[in-house]
Each structure stands twice: as structure tokens, then as C-alpha cells.
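Reader: Please zoom in on one part of this for me and talk me through it strand by strand. I'd like the cut-offs behind the terms as you go.

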Number of protein chains: 2
Amino acid sequence: MTSPLRLGIAGLGTVGAGVVKIVRQKAELLSARSGRPIAVVAVSARNRDKDRGVSLTSYAWEDDPVTLATRDDVDVFVELMGGADGSAKAATEAALDAGKDVVTANKAMLAHHGQALAERAEANGAILRFEAAVAGGIPVIKALTEALAGNDITRVMGVMNGTCNYILTRMEGAGLSYAEAFEEADALGYLEADPELDVGGIDAAHKLALLSSIAYGTQVAFDAVELEGIGKVSIDDIRQAADMGFKIKLLGVCRMTGRGLEQRMAPCLVPEGSPLGQLDGGTNMVVIEGDQVGQIVMRGAGAGEGPTASAVMGDVMDLARGFRVSTFGQAASSLTPAVPAKTATPASFYLRMALADRPGALAKVATALGESGISIDRMRQYGHQSDAAPVLIVTHKTTRSALDQAIAAMERTGVVQAAPVALRIERV
Amino acid sequence: MTSPLRLGIAGLGTVGAGVVKIVRQKAELLSARSGRPIAVVAVSARNRDKDRGVSLTSYAWEDDPVTLATRDDVDVFVELMGGADGSAKAATEAALDAGKDVVTANKAMLAHHGQALAERAEANGAILRFEAAVAGGIPVIKALTEALAGNDITRVMGVMNGTCNYILTRMEGAGLSYAEAFEEADALGYLEADPELDVGGIDAAHKLALLSSIAYGTQVAFDAVELEGIGKVSIDDIRQAADMGFKIKLLGVCRMTGRGLEQRMAPCLVPEGSPLGQLDGGTNMVVIEGDQVGQIVMRGAGAGEGPTASAVMGDVMDLARGFRVSTFGQAASSLTPAVPAKTATPASFYLRMALADRPGALAKVATALGESGISIDRMRQYGHQSDAAPVLIVTHKTTRSALDQAIAAMERTGVVQAAPVALRIERV
């Protein structure tokens, strides 16, 4: 019998408690699979007395996560407190400095400090793993870092915030307004304390930045993610996109181009028949494209006790089996600074506007598009009672800057009422 | 710079040539990711002179794969010859006996000799990996063995033979008969030299047996897979299943029950709106369900040069990074003999029959079902010109043995013409 792998767990919310339960209830299975016992030796949380549905009496208690992280009897520090800075970061740094491996679910910390933490791990011969930080139970970090390591990654896409997908799905399925669907998600407890983390796309953008780093060997560049939340998506857009055969998703996309790294988290149209288009409710999906493998689609629960604890345990089991892979899949010192692409890859766009009901109005819109070099793929004008006609246009491939130029030109003609809505159509 | 990982590749078909290309063309990327150079040092194939679209002149040539496998300068033997026995097995055994790690895409060899080879690897301190053997580029072995190692696996399902899925999709989409779709697949070169490997479900059953072993810690038990090919699926079944909201897929299912291990590869009905139901053409899909993670769905190319070479390289990169995991995810000596379940988990069934057009006929069918304890979920009788009415029944959950009893009773009454078709409906 080899020596046990000893865990110190900081943060005993649902995920932390879930990890403790797995270690307690599956001791034999874990040991058979990893070849050594897995044991919790110490835990830490803000409130010692809370009932977490699992007995903690056999573990040492530390009030201070930094003390926990550096205990002599801890081999792996499991960081499940959350937060980009503060205790989570301090304890993670302390663990790495003490040469301890770290498993974390903390996307915000890694999105903001990933490069520094990866360097710190490397300097101390420690391993830092974070499968649970991206897309919950879906093993996307492992797939990208390990399974697809023989590929040049051509694109990574993902619906990685279940709350946003729930809201968009409810708007579409039940005809709710954004505000109504938001209220419903809130009542169900789906929203973060700061809802902007969800609906503003920030949480999903954290995850995207981590995937970009692995895919392209670049230093995590969260600030370079082009970010747009779902707050401006209207029920009209959802209905009219559906009428054209599309669904609207908060979609993260990263790709390396000759112009630099593109990272975008924004509402996009995807074909309703595609795997991404068919993804309803709180489920997550990540699509990885490589020059060898083609397209791999992975779908599963993006949050919750079981799925997130499963991902944490996947990392723990790798460490128990002696697997030591660099944080972002290659030496931290070899990661290059990300050069953000100044212009995005051309795409088709969905354009919705309210057009003044007078002769020549449509001609002016068409002229504005034409003069910006944009050709029209499909156009629909809907019947209307008011003095403005709803008009939908799907363009052929163009750049966002050409489109913005065309929209500005339309607005100058005075035939469009209010600002047209433009959403990117992502080819999937 | 650490020492290179030196590959000896036996078998230079599309996959072997694909691996050579990746190693040659991505040297810098592979070395950045794994921390050491990856090099091909020697190759072997039946025909030395064939043009494989890649230069082999810088590699030693061995006519005998066993000699290749045991060369002093080979660290990893990459077996891409195929075949359950013969050279592939001899060379794999020789490599393991020499303490060399082996990466293979050979599902037949592992399905038949997996336990013996795993024991042999273990006895020699060697590693045997086979991501490419199951579902091509989809990293399902890695997901099941590593990422989900903290789960009790509750079920694994998969559409893992692209040729069968192509045939069924063409029957459905183009209204082809089985024979016509088979001819088309043959003309496109999709079929194995022995087509029964594809349409008989054998190839897919090989893969399923490997997944079962990892999922349940059992010794590979290919002979215990309940096997039924797609040859009896008719266009009528495809149309009438569609009318009830289902698609027919050659679906592999394994689950551990109180009665033993269930492994089944057979045509099944799945809801048309489910990910499995929406899987068209030659694509593969594997669904893994765990008690913690819930349901993970993985989709991608199941065959072809790039996807399969990608999977081979994933294993090679793991070895380059020093990852040493047991063949089936735990020590070979700890794998238990599989005890096959004698009876299958109850399910709903689809039952199609031609019913004699005379008074009381349907009553006799209903009575036969009722007397076997089977209740009817949905029933449709279709209009007809002949003297037999097409009747479709979807049952509530029942056992296959109760259903067979009911079918025998129906046949005794003489009201059903020809043998009714019964297909399992897999809840997904």
C-alpha cells in the first residue's frame, strides 16, 4: 500500500462538502483507481458550526486557509473558496510556495492571476489544476490540454454560463421578457450575488480566457476578451432570429488569427439545428476544433455540487496517479503574451431595425449596406400597425467595422427608428 | 532540453501516416507542450515502397514489427496495424515484455486480449494506452478513466460505428432500403473488408467492451456483449419509429446492475430530440453518466486519418509528459471477472406487426400483452390496402422475456402475420 494522498480543503460550500462526501463514500473505488488512498486531513471555512450534511469531526480544522494550505500533512491544497483575490489567492500562493499541489475551481482567480500563479507553481515544482473552473463537470480542460495536444487548435466555442442560457431559453420557450426571465432565475437562486457576473458575461469570459491560454499557448488575457452581456437581448430578437432559423446564445469564441488572438463573449446567433442551437436550459457546451480532430462537442452540467466536485476529484485523482502537467499545458515561461486581434474575423450578421414606413426607406438601408461593401443574404419586412416596419436582414460575411459604418449611415438618413440591433452569426 | 520520446510506428496506413505527419509538422508545438521533443525513429509496414504522402527516409525501416517493437532506441511502440491477433499482438507483447510503452488503436486486439495485455504491461512496468481504439478523436477513454474517476459510473452509451449510423441516416433521410444504403456505404469505401464487423455491430461491440471494463473495473468481456446488427432494420421501422417521435440507432449500452454487467450493442429507439437522436451521418457520440457528474455527452469524428491520429498523439503526449495510468484505469490484477446480467434492465419497447384484418384481432394482441403483464403506452393502427393492418405499439416498461412471451402468445393466436419486430427504447 503506497502512502495516501492527503487533501486540505478550504471552502466548504456545496462543492467543498461534495468533495468531502466523495472522498468519504468512495474510499475503496478511489483507491482502486488511483493506486493509493485519498484522504482529507484538514478543512477550513468561514463558519465552523454550519451543518454541511457530512461529518467533519475526523479532520483538523483551520480557521485560516493559509495555515491550512501550508500544513505539513497536506499534499494537495483544494481551494474552493472563490474570489479573484483575498484569502483564495493568499492561500493558493502559500500552498504553491510550500511546494504543494493545488486544485481549484476558481475561474476568477485564474483569469486575473493565472500567469503569475502558473509561474509560481513552476518555480516551486508544484502543480496547479483547475478542471472545475470551466464548464463544471465537462472535462474540457483535460480534453484541450491533454487529449488534443497533438492538434493546432483552430477555434474554441462555448456556452459556459448556465444561468444565461436558462434565461435565454425561458425567453424563447415561454415568451418571457428579459426582465421576467431574469426575475425567475433570481427566484430560483441561479444568479451570483453580483448578477453582472452572470448576465454581463464576466463569469463566462473568465472561463474563455483560460481556454484561450491552453489552446494557443498564450498568457491568460481576460482583459482582452471582447465582452457583451445578454441584458440587451429582447424577446423580439429571439423571435425574429427563430424566424430565420437561429437561436441566440451567450457564446464564447476564441481563435488565433494572423491579426492576433480573438476572444469574444457575446450574444450570437447559431443555427437552431446545431448542437449549440439545441442546448436548452442550464446545460453547458464546449466545442473544440483542431486541425487534426475536426470538431469535438462536449455537453454536460456546468455547475452544481456533483458535477463540480466530480471535476475537482478528476484533478485530485490525476495527482494521486502522479500526473504532473503544466497549468496551461506548457511551461509557464513559454506562454507568450496574447496579442489581441484588433479586428474580428468577418462574419454574417443579423440586423434588426424599425424602418420608417415611407417610400424609399428600404432603398436607403440597402444603399447604406451596399456602400459599406455589405451584401444581403436574406431580408424580411414584417407587417405592422405602427408607423415603423420591423425589418430583419441577414448579411453575407462582413466585418463589424463595415457594419458599424453602414449602421451609422442608415441612422443619418433618418429612416431607421432607434438604433438597429446587430448580432454576430457564428458559423458552427 | 530533456531527452526526446522516441516512437517506433508499425502500420503506415492513413492513421500511421497521419501520426508521422503530425510528429514532423508540429515538432515545436509538441515539444513546447510536452516539455521534450517527440521523434519517430523507426517504422514498419507491409509495403516499403508505397507512397504515403510523407517522407520516411530519415527513419529506420524494419520489415518485422516485432523487431521494431523491441529496438533499443524505441521508447514507445505505436501499433497501428490492426487485427486481433497475428503481428499486432505479437509485436505488442514483445514491446511490453521489453518494458516499452505501447499506444494502439486496435480495438479488436484489446477486446479479445485486453486483460492479458494489461497484466503483461503491469508485470513489465509498461503502459498500454488506446484512446484511438474507441470513437476516433473523441477523448472518451481519457474522460472515463481520468476526468470522471471520482464517479460511480451509472451508464455508458454510444453510437460508435459511423458506417452504421451513416446507413441508418441515409435510410431515414433518403428513404433508401437497407440494401440500397449498404451499397452506397460500400461504394463510398465506408465498409470494412468484412462488412459484418460494421453492420453486425462487432466493431462497435469491441469498443463497448473496453468502455465497460474502465467504467466498472471488470475484465474485458467482449463475448458477453449481447449483439445484434442493423441488418434487420427496415425502412418501415425507421418511418414508423419517426412517426412515434424516435430515431433508430445502433446503440451500445453498458451498465452495472444488481444482477450483473449489462452490455448490449443493438438497434434501439431513442427520442428524436435527444443528442443521440440528432446524431446524423458518420459522426460518433458517447454518453457517460456518473453519480456525481450527471450526464456528459461527447460528439466527434469516429474515424479518419486526422481524428484517429489526434487520439494516438494524445496518448503519446501523455507518455511524453510522464503520465502512467493503468490500461483500464486500475491495476490489471484488481479488475474483477465480469458477471453478465442474465436479464436486461426493463425498458419500453417498440413493437411493429402486421395484424390480420378481422374482428377481435387487436383484442388478441392486447390480451397477449396483458397476460404477460405488459401495459401499452401508445398504439397506432394504420390504414392499409392489403389484408393486414400495420400496427405499432409502444409498451410501458417491461422485460425482454415478458415481451418475448407475449409475442409467442400473439403468434399462437394466428392474428399476426410474420414475426413482430421488437426494438428496445433506450431512455436517454
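Author: Let's start with Leu5(A), which stands opposite Ile38(A) in β2(A). Keep in mind that this is a predicted model, where local features need pLDDT of at least 70, side-chain atom pairs count only at pLDDT 80 or more, and totals for chains, interfaces and linings use all residues, while side-chain values use heavy atoms, with hydrogens and water left out. As for labels, residues are numbered from 1 along each chain as its sequence is written, and chains are lettered from A and ligands numbered from 1 in the order in which they are written.

Strand β1 (residues 5-10) of chain A runs parallel to β2(A), with 6 bridges between them; two strands pair if DSSP finds at least two bridges. The element names are DSSP runs too, numbered from the N terminus: helices are H or I with at least four residues, strands E with at least two. In strands like these, pairing goes through backbone hydrogen bonds, either parallel or antiparallel.

Now for the other neighbour of β2(A): strand β3 (residues 60-61) of chain A also pairs with β2(A) in the parallel sense, over 2 bridges. There, Val43(A) sits opposite Trp61(A). Strand β2 (residues 38-44) of chain A is largely enclosed by the rest of the structure, because 6 of its 7 residues are buried (buried is under 20% relative accessible area, exposed over 50%, partly exposed in between, with a 1.4 Å probe and protein chains only).

Zoom out a notch and you get an open sheet of 6 strands in chain A, ordered β3-β2-β1-β4-β5-β6, with parallel pairing. Its edges are β3 and β6 (128-129) of chain A, each pairing on one side only. Further along, strand β4 (residues 76-79) of chain A and strand β5 (residues 101-104) of chain A run parallel, joined by 4 bridges, and Val76(A) has Asp101(A) opposite it in β5(A).

Helix α12 (residues 305-320) of chain A lies across β1, β2, β4, β5 and β6 of chain A, at about 160° to β5(A). Contact here means heavy atoms within 4.5 Å; axes are lines fitted to C-alpha atoms, for helices over the stretch in contact, with angles from 0 to 180 degrees between N-to-C directions.

Chain B has an open sheet of 6 strands too, in the order β3-β2-β1-β4-β5-β6, again with parallel pairing. β3 (60-61) and β6 (128-129) of chain B are the edge strands, each paired on one side only. In that chain, 2 bridges join strand β2 (residues 38-44) to β3(B), in parallel, and Val43(B) has Trp61(B) as its bridge partner. Helix α12 (residues 305-320) of chain B lies across β1 (5-10), β2, β4 (76-79), β5 (101-104) and β6 of chain B, running at about 160° to β5(B).

One more strand deserves a look: β16 (residues 416-425) of chain A, which holds Arg424(A). At 7% relative accessibility, Arg424(A) counts as buried, and it touches residues including Arg255(A), Glu262(A), Cys268(A) and Phe349(A), not counting residues up to four places away in sequence. Its C-alpha atom is 8.9 Å from that of Leu351(A), 73 residues apart along the chain. Ala418(A) is in β16 of chain A as well, but counts as exposed at 64% relative accessibility. Phi of Ala418(A) is near 65°, a positive value in a residue other than glycine.
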